[in-house]
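Let's take a look at how a few pieces of this protein fit together. Have the structure open and follow along.

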Amino acid sequence: MPTDSPPLKDGDLLAAVDLGSNSFHMVVARYVLGQLRIVDRIKETVRLAEGLDGRGGLDPAVMPRALDCLARFGQRLRSIPPRRVRAIATNTVRQLANPQAFLMPAETALGHGIEVVAGREEARLIYLGVAHGNPPEPGKRRLVMDIGGGSTEFIIGEGLDAIERESLQMGCIATTRRFFADGKLSRKRWKDARTEITAEFQQFASAYRQRGWHDAMGSSGTIKEICDISVKMKLTKVSITDASLGVIRDKLLEFETLDAIRLPGLSAERRPIIAGGLLVLDAAFTELGIERMYVSDHAMREGVLYDLIGRDREADPREDSIRALCDRYGVDTAQAARVEATALSLFDQAETAWNLDPDSRRQLAWAARIHEIGLAIAHSQYHQHGAYLVEHSDIAGFSRTEQQTLAALVRNQRRGFHPPSFDKLPDRLVANVQRCALLLRLAVLMHRSHDSDPLPVVELDVDGDELLLRLPRRWLDGHPLTHLDLEGEREQLAEIGRRLVIKAI
């Protein structure tokens, strides 16, 4: 798909920002001969998950440390073009009832947009980072586990591809707060917590064990710290084993409070949350039958960087996902192609006047390809069905923000405009998404008959909220139903403050 973004070239800088539930990370890399060379890393412990109140709210006390951290990251990112920076928010922001209340000031502090990703997309990016940093043996599957502050991801992959992806709400902070909120430890508490945690593995453990893997690898701070403890206690050399994990667990349970925990290799920073992380890892080893786990220095942030490279190289995983949606829901690809061609032609004519960007063009093209997926459910209100499928499916490569953008376009392709679908989007995106929705509506309308005959040249001029559409008079006279639909669209747009003028030439 053509874009106006220049391709990556040797020497270009890229950056990924990971707003984790425990720590915020930033990694900056230089693109050299198709590879990444890390030039800078910054990590700050923010403990965003500590601010969750259980009702989707965020304690205002955690905001200053989060915003101060992002402002420091933003200073480092000023010299990097925005298209080469991607910032990702994970579990804690996913849990917020009103994520925009956090994201708006956070984006201002960082100076870049922030995307919220679903758990399974987070898992894909984690696997991508680990697989690039520690390539698995050819033809052999690997289990990757990442314990974050608010969630834990489990992935089985082969090569660079994630085959199975799961995300559970059991990170080191969340689990410590859930079972040890008063700071006290005991073997009975541990046993009761293990019973509850084990139940949550039942949804996927059997399928994972049946799929199988050759080796297991962990990523991120909790697993790295547990490996350090194992090495410092001289239980292992470079890994975590089932036996070493049992020794560490028994040693930890000798302490009566979290504050009292003292283990070789355990940092003061990690001490308040190590119990929850160890509990999750202990349960995972048992339920998944893990015997040994090695540790990777790579994680989601590196995966985000490699994902940026993939998008630039036309190896964009989102393209494969859109094709998969079309196959799954039996999309009429010929009709979709006609709508896409018309929508992009209109986009190209409106691009300069409306100051549209290449990302908007991609989103419009994808929306055109899948605009009819709701027909797989019912013809009546198919645009609503399609929007629901797009917003709530796990679509590899797409952030939640991107899926909500696509859903808004699909939802608003016909009938009356639906303001709530735009309310879910960041303010910085709303104007362009609404304008792309106008273009998609016109394209869908002009191909309503599913006729394979090509359209005549369609000319579009835009000026603010006014659209001037020029069509050959002979064609309009020969397509009275389309002409009537255009008149109806003119009335629909008038209701939302837009003016559509149809001119026969």
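In this predicted model, helix α14 touches helix α18 through Ser-360, Leu-364, Ala-367 and Ala-368, which meet Asn-432, Cys-436, Leu-439 and Leu-440 on the α18 side. Sort the residues of this contact by type and you get six nonpolar, two polar and no charged.

How do the two helices lie relative to each other? Two packed helices are described by the angle between their axes and the distance between the axes. For α14 (residues 358-369) and α18 (residues 427-446), the angle is about 40 degrees and the axes are 10 Å apart. Angles from 35 up to 65 degrees fall in the oblique range, so α14 and α18 count as oblique to each other. On top of that, α14 passes α18 in a right-handed crossing.

Now over to the strands, starting with β9. Is this strand mostly buried or exposed? Four of the five residues of β9 (residues 215-219) are buried, so the rest of the structure largely encloses this strand.

Strand β9 pairs with β6 and with β11, as you can see here:

| Strand paired with β9 | Bridges | Direction | One facing pair |
|---|---|---|---|
| β6 (residues 141-147) | five bridges | parallel | Met-145 and Gly-218 |
| β11 (residues 292-295) | two bridges | parallel | Met-217 and Tyr-294 |

To find these pairings yourself, pick out Met-145 and look for Gly-218, its bridge partner in β9. Then go to Met-217, which stands opposite Tyr-294 in β11.

Notes
Residues numbered from 1 in each chain as written. Predicted model: local features only at pLDDT ≥ 70, side-chain atom pairs only at ≥ 80, totals over all residues. Heavy atoms only, no water. Buried < 20%, exposed > 50% of the residue type's maximum accessible area, 1.4 Å probe, protein only. Pairing = 2+ DSSP bridges. Axes fitted to C-alpha atoms, helices over the stretch in contact; angles between N-to-C directions. Parallel < 35°, antiparallel > 145°, perpendicular 65-115°, else oblique. Left-handed = near helix turned anticlockwise from the far one by under 90°. Contact = heavy atoms within 4.5 Å. Nonpolar A, V, L, I, M, F, W, Y, C, P; charged D, E, K, R; others polar.
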